[in-house]
Amino acid sequence: MIVGDFWKRFFDSDLWWSFKSSPVVVIATIVTVVIIFSSVFAPFIAPFNPFDLAQIDLMASLKPPAWMEGGELQYLFGTDDQGRDMLSTILYGSRVSLLVGFLSVIFAMIIGIAAGLVAGYSGGWVDAVLMRIADVQLSFPAILIALLVDGVARGLLPNNSHETVAVYVLIVAIALSFWVQFARTVRSSTMVERTKEYVQAAQVIGLPAPLILFRHILPNVMGPVLVIATIQLALAIIIEATLSFLGVGVPPTSPSLGTLIRIGNDYLFSGEWWITVFPGLALVILVLAVNLLGDWLRDALNPKLR
Amino acid sequence: MSRLTIENMKVEFPSRRGSVVAAQEVGLELASGEILGIVGESGAGKSTIANAVMGLLEPPGIMPEGRVYLEGERIDNLPYERMRKIRGKRIGMIFQDPLTSLNPLQTIEEQLTETIMAHLPVKEAEAKRRAIDLLSQVGIPDPEIRVKHYPHQFSGGMRQRVVIALSLCAEPDVILADEPTTALDVSIQAQILDLMRKLVKESGVGMIIITHDMGVISDVSDRVMVMYRGKVVETGPTRKILSDPDHPYTKSLISAVPRPDKRMNRFPLVEYIEEAGVPSKPLDIKTHWLGQSRDFVKDHQGPLVSVKDLAMRFTTVRSMLPSKRKYLNAVDGVSFDIENGEVFGLVGESGSGKSTVARLICGIYQPFAGEIFFDGTELTSLGSRIAVNKYRRQMQMIFQDPFSSLNGRMRVRDIVAEPIRFHKLASSRSEVKAIVNDLLDHVGLGAMAGPKFPHEFSGGQRQRISIARALATRPRFLICDEPTSALDVSIQAQILNLLKDLQEELGLTMLFISHDLPVIRQVCDRVGVMRNGKLVEVAETETLFEMPKSDYSKHLLDLMPRLQGL
């Protein structure tokens, strides 16, 4: 009963209406859902398991896509240098990429929004301290921070556990280098919002600061945050690739999209373009779809623009 | 031949849900040396007419019907390039905000000579000489020196004079002035209007002044055109329109202007404007929710609110060394009492500290020194927020800007319900809902307003929402900080009527802050006059207006615009 009520309200809402009326958004959503779905259910969809060494046939390495001369139908998008099927590798690889991308951005968002809200609302020394930390943070490249986090993690954790926690180390590392963007944006918007009269009205009602921050200011500063988040998601996936290249990220035996692009890079000039191009396309499509979604969501959640 | 003729103009803004007609059936003739005032409230289509004449309608605006003639020559169908040459050269424009209409990085001389040379065939030396001439024409002292200055070195009124000089420098046939004095203080407004009138009479240009302010119209214009919802309701000589209007809208508009010369109980005749709202039935305060359970009403004798030697300062220059710090004394030793059930007014120019006093009393700012008593309890020494909240709940505030005082992301019913929920004034969700609907009803909006968002309402309706929110804690003391200065006069009259009704019904005590003396006279029982953070004079309203004691009060009263012909 309650569930039915919820859906009825949902289909009646402005959000659903604005969703329906934009074909671009509908397509972007379908694409995103398909990518997420196919990566989650990769073991059931993919024709091969690229991580299963028994299934890898080195003789079948560097095969071109099926429609080209020398291609085989079972390797639709060709194979890489180790004979792994590209399609399966992309499906499995996007799992790692999506996991790292989403989790690190969400993590960074939480830290950044909290820091930005507090800094922007309280001002004074709290603001100064938080923003100087952010400045210091900005002066380190993300890779350096990731290496640091990885080094610390290796030191603290038992030796053989590294492979299993590698992904989480990556997520923490990327989140720690990304929160500054969120904090800066939220801080400046908060400083603008805090002087507005609706905040003073909330103060007159007697609401405590945390309630004012979360109920009144946060919804009003979320617009730019969503857009940054979609851009950061793409960046996080790419940084993950870089880090994996440096040996800090995921192990090469379970490649992510980024790792695949990098591997293919070596073969790009010798004519085996498919190793780079297909994972690259997958990445571009994913990032574009998520970006369009974020852009739409920002406008759709703003009641003034409905 | 008339300077400017408009025939049967119609302006539309096509959109997804049909097109919005911003102006229709507009016709006017402007003679040499004549000032025509276009008056109407926001959204009436005044500025649209000016933009259409200039060919500067904002997209997607179009003018599907009508003709515009300048000196007998049709200009509304000219190609863009030819229209561009007419703008600025033959039609001058004066905008509302003198700060943003000048380039801050160029001296006045550069801006004037550039404009002169763009439109007239003169050499640079001649253009510079003309620039100085123009400045002296618009009454700027020492024009040879001032011409080298940058816009920020001029005061607001002086800047508007420079803008007028700019609009004159190409010797135009027609000047369109869109709210030319709205951003200026009253005293400067009078000077600018005098100047504009003098220039028009001397040079014989035609001028159209667009304004919402009846005072400006009565001061400066020869003829008036009254607009309502995109249509011209009435055109005629200023005297006639002001003293003997024919159309009911004009009548209600004029009756809504607060009279500076006598106190009236209510504003009559303001119901013509459609958003006036449903008149709510008088409520019985003994049984109604709003009147019940005023928690901890003490049998306190004496004033409800009392302020003693209140001081507040803002740091303007920060420094590690206390001796190097500089402060702005926003409020400096202010003391006054507000009796139970009284409406106390604070009046003063911008920057006099009146809003700061309000924010100190309701706890948005912490005072630097002084004491605030509410119902006999000193508030500043109460340490914890919870202890203070009990008192703060009894005082609420209505803010100036109805567009920023409501959180645009919340629905109206949540905005009004928030204080009830936070202070747990109702026991169940259905009770909260009933109270919210009742409050919305009572401020003339109706329960239908609940599920909507604030941006779906006009300024006056938003101010009603603000009032509903303020009433939701069942306050005894209401602070109104310029509650109507962002509103049109007819809406202002409605809101003031509403506040007055509520005050009488609920027995509210009010602190009413305004820079507008006529409004103060209509609303307040006693008035305090503030200047530079100090209280200059406190008196009964009628005493202040009839026999002001201090020189500053006299000065303020002299500047008060008076409608002629009423």
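Here are some questions and answers about this predicted model and its chains A and B.

Residues are numbered from 1 along each chain as its sequence is written, with chains lettered from A and ligands numbered from 1 in the order in which they are written. Because the model is predicted, local features need pLDDT of at least 70 and side-chain atom pairs count only at pLDDT 80 or more, while totals for chains, interfaces and linings use all residues; side-chain values use heavy atoms, with hydrogens and water left out.

Q: How many helices and how many strands does chain A have?
A: Helices (H or I, at least four residues) and strands (E, at least two) are DSSP runs, numbered from the N terminus. From the N terminus on, the elements of chain A run α-α-α-α-α-α-α-α-α-α-α-α. The count comes to 12 helices and 0 strands.

Q: What percentage of the residues of chain A count as buried?
A: Buried means under 20% relative accessible area, exposed over 50%, and partly exposed in between (1.4 Å probe, protein chains only). Chain A has 306 residues, and its C-alpha atoms fill a box of roughly 75 × 50 × 40 Å along the principal axes. The buried share is 48%.

Q: Which residue follows α9(A)?
A: Helix α9 of chain A covers residues 197-205, and 8 of its 9 residues are buried, so the rest of the structure largely encloses it. Among the buried ones are Tyr198(A), Val199(A) and Ile205(A). The residue after α9(A) has a positive phi, near 105°, and is Gly206(A).

Q: Which helix supplies the largest share of the nonpolar patch on chain A?
A: Patches are made of residues with over 30% relative accessible area and no salt bridge; like charges are joined within 9 Å, and nonpolar side chains (Val, Leu, Ile, Met, Phe, Trp, Tyr) within 5 Å. This one is about 940 Å², with Val33(A), Phe37(A) and Phe102(A) among its residues (accessible areas come from the Shrake-Rupley method with a 1.4 Å probe, and for residues only the protein chains shown count as cover). α3 (23-40), α4 (42-45) and α5 (86-122) of chain A each supply at least two residues. The largest share, 4 residues, comes from α3(A).

Q: Is Phe37(A) buried or partly exposed?
A: Phe37(A) is found in helix α3 of chain A. Its relative accessible area is 47%, so Phe37(A) is partly exposed.

Q: How are α5(A) and α11(A) oriented to each other?
A: Their axes come within 7 Å and cross at roughly 125°; axes are lines fitted to C-alpha atoms, for helices over the stretch in contact, and angles run from 0 to 180 degrees between N-to-C directions. Angles under 35 degrees count as roughly parallel, over 145 as roughly antiparallel, 65 to 115 as roughly perpendicular and the rest as oblique. The pair is therefore oblique.

Q: Which residues of α11(A) make the contact with α5(A)?
A: Contact means heavy atoms within 4.5 Å. On the α5(A) side, the residues are Thr89(A), Ile90(A), Gly93(A), Ser94(A) and Ser97(A). On the other side sit Leu257(A), Gly258(A) and Leu260(A).

Q: How many residues apart are Arg223(B) and Glu34(B)?
A: They form a salt bridge, with the closest N and O atoms 2.6 Å apart (a side-chain nitrogen of Lys or Arg within 4 Å of a carboxyl oxygen of Asp or Glu). Arg223(B) is in strand β9 (residues 223-228) of chain B, while Glu34(B) is in the loop between β2 (20-30) and β3 (35-39). Glu34(B) is buried at 12% relative accessible area, whereas Arg223(B) is partly exposed at 24%. Along the chain, the separation is 189 residues.

Q: What is the N to O distance between Arg90(B) and Asp173(B)?
A: Asp173(B) counts as buried at 15% relative accessibility, whereas Arg90(B) is partly exposed at 22%. Their side chains meet in a salt bridge, N to O, at 3.0 Å.

Q: What is the relative accessible area of Leu544(B)?
A: Leu544(B) is found in helix α18 (residues 541-546) of chain B. Leaving aside neighbours within four places in sequence, Leu544(B) is in contact with residues including Val527(B), Val529(B) and Leu557(B). Leu544(B) is buried, with a relative accessible area of 1%.
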